[in-house]
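Work through the exercises below with the sequence and the model open beside you. Try each task before reading its solution.

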Amino acid sequence: MTGPIRLYMSMSLDGFIAGPDDRPGQELGRDGGRLFNWLDDRESDGPSGQVYREALATGAVISGRRTFELAGRWQGDHHDGVPVLVLTRHVDDGDVPPGHARFVTDVEDCARQARAAAGERAVMVHGAGAAQALLRAGQLDELEIHLVPVLLGEGRRLFEHLGAGPIELELVRRLEDRDVTHLRYKVLPTGESV
């Protein structure tokens, strides 16, 4: 049995995961750091600490290329030496990612490799592009959304380019903490509803 492929993402109430003008040197965009205040409680015994420990117990990471680059390629190690599979459209000759990271151009192959690497542990997904590609391919099992009570008004939206057609979700966990609500949704198979 393999663990789920699960998106972990902090998001404003109006759907933004970064403020406007996210770029190297301003990776979260203007005012986007506000989405991560809940991490101040990551060492606590409360819900935010629980969610953080769960994220770090994952056995592999799938990242979008843009997220990988903005994060400084995590110097090749996101956490504990787990494989980091970077979903990208194109790989330049000679561009070798550092450490435990590798580029993958096919979304289904990426999901297969991540599941195999993680074994029974969950696979962590980072980035809007990777999340959308995995959802479209039917390879994303769960969404862990850290919903922050702020309206950013502009920036990068999590599901901006998802495409047509509804995707049904089932709320399977809600944890309230200071300045955040951690929501876990199961992605339902096409045609199934709650």
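The exercises go from the whole protein to its sheet, its helices and some single residues. The model is a predicted one.

**Exercise 1. The whole chain**

Task: Find how many helices and strands the protein has, and decide whether its radius of gyration agrees or disagrees with that of a compact globule.

Solution.
- Step 1. The secondary structure consists of 4 helices and 10 strands. Along the sequence they follow the pattern β-β-α-β-α-β-β-α-β-α-β-β-β-β.
- Step 2. For 194 residues, a compact globule would have a radius of gyration near 16 Å. The protein has 16 Å, so the two agree.
- Step 3. Along the principal axes, the C-alpha atoms fill a box of roughly 45 × 40 × 35 Å.
- Step 4. Of the 194 residues, 48% count as buried. Take the contacts between residues at least 6 apart in sequence: 66% of these join residues at least 24 apart.

**Exercise 2. The sheet**

Task: State the order of the strands in the open sheet, and explain why one side of strand 5 and of strand 9 is left without a neighbour.

Solution.
- Step 1. The open sheet has 8 strands in the order 5-4-3-6-1-7-10-9, and the pairing is mixed.
- Step 2. Strand 5 and strand 9 (169-177) stand at the edges. Each has a single partner strand, so one side of each has no neighbour in the sheet.
- Step 3. From one strand to the next, the twist averages 25°.
- Step 4. Strands of a sheet pair through backbone hydrogen bonds, in either a parallel or an antiparallel way. Strand 7 (residues 142-148) and strand 10 (residues 180-187) run antiparallel and are joined by 6 bridges. Glu144 has Arg184 in strand 10 as its bridge partner.
- Step 5. Glu170 lies in strand 9. Its relative accessible area is 28%, so it counts as partly exposed. The C-alpha atoms of Glu170 and Lys186 are 5.1 Å apart, although 16 residues separate the two along the chain.

**Exercise 3. Strand 3**

Task: Decide how many residues of strand 3 are buried, and find the bridge partners of Ser63 in strand 6 and strand 4.

Solution.
- Step 1. In strand 3, 5 of the 5 residues are buried, so the strand is largely enclosed by the rest of the structure.
- Step 2. Ala60, Ile62 and Gly64 point one way from the strand, while Val61 and Ser63 point the other way.
- Step 3. Strand 3 pairs with strand 6 in the parallel sense, over 4 bridges. Here the partner of Ser63 is His126.
- Step 4. Strand 3 also runs parallel to strand 4, and 4 bridges join them. Here the partner of Ser63 is Val86.

**Exercise 4. The helices**

Task: Find which strands helix 1 lies across and which strands helix 3 touches. Then decide whether Ser48 is buried or exposed.

Solution.
- Step 1. Helix 1 (residues 47-56) lies across strand 1 (5-12), strand 6 (123-126), strand 7, strand 9 and strand 10. It runs at about 125° to strand 9.
- Step 2. Helix 3 (residues 107-118) packs on the sheet and touches strand 1, strand 3 (60-64), strand 4 (84-87), strand 5 and strand 6. The direction of helix 3 makes about 155° with that of strand 3.
- Step 3. Ser48 is found in helix 1. Ser48 has a relative accessible area of 0%, so it is buried.
- Step 4. Not counting residues up to four places away in sequence, Ser48 touches Trp38, Asp41, Arg42, Asp177, Val180 and His182.
- Step 5. Helix 4 (residues 128-136) is mostly covered, with 7 of its 9 residues buried. Among them are Gln132 and Leu134. Just after this helix, Gly138 takes a positive phi of about 70°.

**Exercise 5. Aromatic rings**

Task: Find how many aromatic pairs the structure has, and describe the pair of Phe68 and Phe103.

Solution.
- Step 1. Searching the whole structure gives 2 aromatic pairs.
- Step 2. Phe68 and Phe103 lie 6.1 Å apart, centre to centre, with 85° between the planes. An angle over 60 degrees counts as edge-to-face, and this pair is edge-to-face.
- Step 3. The pair links distant parts of the chain: Phe68 is in helix 2 (residues 65-70) and Phe103 in strand 5 (residues 101-104), 35 residues apart. Phe68 and Phe103 are both buried.
- Step 4. Ring pairs link Phe68, Trp74 and Phe103 into a cluster.
- Step 5. A charge over a ring is another arrangement to look for. The charged end of Arg42 sits over the ring of Tyr52, 5.8 Å from its centre.

Terms used. Residues numbered from 1 in each chain as written. Predicted model: local features only at pLDDT ≥ 70, side-chain atom pairs only at ≥ 80, totals over all residues. Heavy atoms only, no water. Phe/Tyr/Trp six-rings, centres within 6.5 Å; stacked < 30°, edge-to-face > 60°. Helix = DSSP H or I, 4+ residues; strand = E, 2+ residues; numbered from the N terminus. Buried < 20%, exposed > 50% of the residue type's maximum accessible area, 1.4 Å probe, protein only. Lys NZ or Arg CZ within 6 Å of the ring centre and 35° of its normal. Pairing = 2+ DSSP bridges. Axes fitted to C-alpha atoms, helices over the stretch in contact; angles between N-to-C directions. Contact = heavy atoms within 4.5 Å. Rg over C-alpha atoms; globule rule 2.2 N^0.38 Å.
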